[in-house]
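Student: I should like to learn how to read the packing of a small set of features from coordinates alone. Could we begin with a single helix and work inward?

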Amino acid sequence: MPIVVRIDVELAKRKMSVGEFAERVGLTPANVAVLKNGRAKAVRFSTLEAMCRVLGCQPGDLLEWTDDGAFENGSEDGSDTGSATLRTDGGA
């Protein structure tokens, strides 16, 4: 998955336990584990806001996009199905 959740890094910086973090954010420790392990499919903005408030950080400190090569060669599945040419000379 190209989105990496960095909660563990921010918790370590603050020497905060998962239990304390979960309680302060209003999540169960199990749901924090789902987020930390990258198994979450979505995060509510209100939850992201609470996590940032508790940790004193920005959303970008908790979430990182990585290029996993899924769009390599110009297609989603990695196969090259053809090429397109961008014309800059005004021709058709």
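Tutor: Let us begin with helix H1, bearing in mind that this is a predicted model. On one side of H1, Ala12 and Lys13 are exposed.

Student: Which residues of helix H1 are buried?

Tutor: In H1, which spans residues 7-14, the buried residues are Ile7, Glu10 and Leu11. Because they cover an arc of only 100° around the axis, they sit on the same side of H1. Ala12 and Lys13 are on the other side.

Student: What covers the buried residues of H1?

Tutor: The cover includes strand S1 (3-5) together with helices H2 (18-25), H3 (29-36), H4 (45-55) and H5 (59-62). As for the end of the helix, Lys15 comes just after H1 and takes a positive phi of about 50°.

Student: How does one read the interior as a whole?

Tutor: The general idea is that in soluble globular proteins, nonpolar side chains tend to be buried together. In this model the largest nonpolar core has 17 residues, and those with the most contacts inside it are Ile7, Phe21, Met51, Leu55 and Leu62. H1, H2, H3 and H4 are the elements that give two or more residues to this core. The largest share, six residues, comes from H4.

Student: Let us take one residue of that core. Is Met51 buried or exposed, and which residues does Met51 touch?

Tutor: Met51 lies in helix H4 and is buried, with a relative accessible area of 3%. Not counting residues up to four places away in sequence, Met51 touches Ile7, Phe21, Val25, Leu35, Val43 and Leu62. The pair Met51 and Val25 shows how sequence and space can be read side by side: 26 residues separate them in sequence, while their C-alpha atoms are 5.9 Å apart.

Student: And which residues are in contact with Leu62?

Tutor: With neighbours within four places in sequence left aside, the contacts of Leu62 are Val4, Val5, Arg6, Ile7, Glu10, Leu48, Met51, Cys52, Leu55 and Cys57. Two of these, Ile7 and Glu10, were listed above among the buried residues of H1.

Student: What can be said of Thr47?

Tutor: Thr47 also has its place in helix H4. At 18% relative accessibility, Thr47 counts as buried, because the cut-off is under 20%. Beyond residues up to four places away in sequence, Thr47 touches Val25 and Leu27.

Student: How should I read the packing of two helices, for instance at what angle H2 and H3 pack?

Tutor: One considers the angle, the separation of the axes and the residues that meet. H2 and H3 pack at an angle of about 105°, and their axes are 9 Å apart. The two helices are therefore roughly perpendicular to each other. At their contact, Val18, Phe21 and Ala22 in H2 meet Pro29, Val32 and Lys36 in H3.

Student: Finally, the cysteines. How many disulfides are there?

Tutor: The count is zero. The test is whether two cysteine sulfur atoms lie within 2.5 Å.

Student: Why do Cys52 and Cys57 not form a bond?

Tutor: The closest cysteine sulfur to that of Cys52 is in Cys57, 4.3 Å away, which is too far for a bond. Read from Cys57, the closest cysteine sulfur is likewise that of Cys52, at 4.3 Å. As to exposure, Cys52 is buried, with a relative accessible area of 11%, and Cys57 is buried at 8% relative accessibility.

Note on methods
Residues numbered from 1 in each chain as written. Predicted model: local features only at pLDDT ≥ 70, side-chain atom pairs only at ≥ 80, totals over all residues. Heavy atoms only, no water. Buried < 20%, exposed > 50% of the residue type's maximum accessible area, 1.4 Å probe, protein only. Helix = DSSP H or I, 4+ residues; strand = E, 2+ residues; numbered from the N terminus. Arc of directions from axis to C-beta. Contact = heavy atoms within 4.5 Å. Core = buried A, V, L, I, M, F, W, Y, C linked by side-chain atoms within 4.5 Å. Axes fitted to C-alpha atoms, helices over the stretch in contact; angles between N-to-C directions. Parallel < 35°, antiparallel > 145°, perpendicular 65-115°, else oblique.
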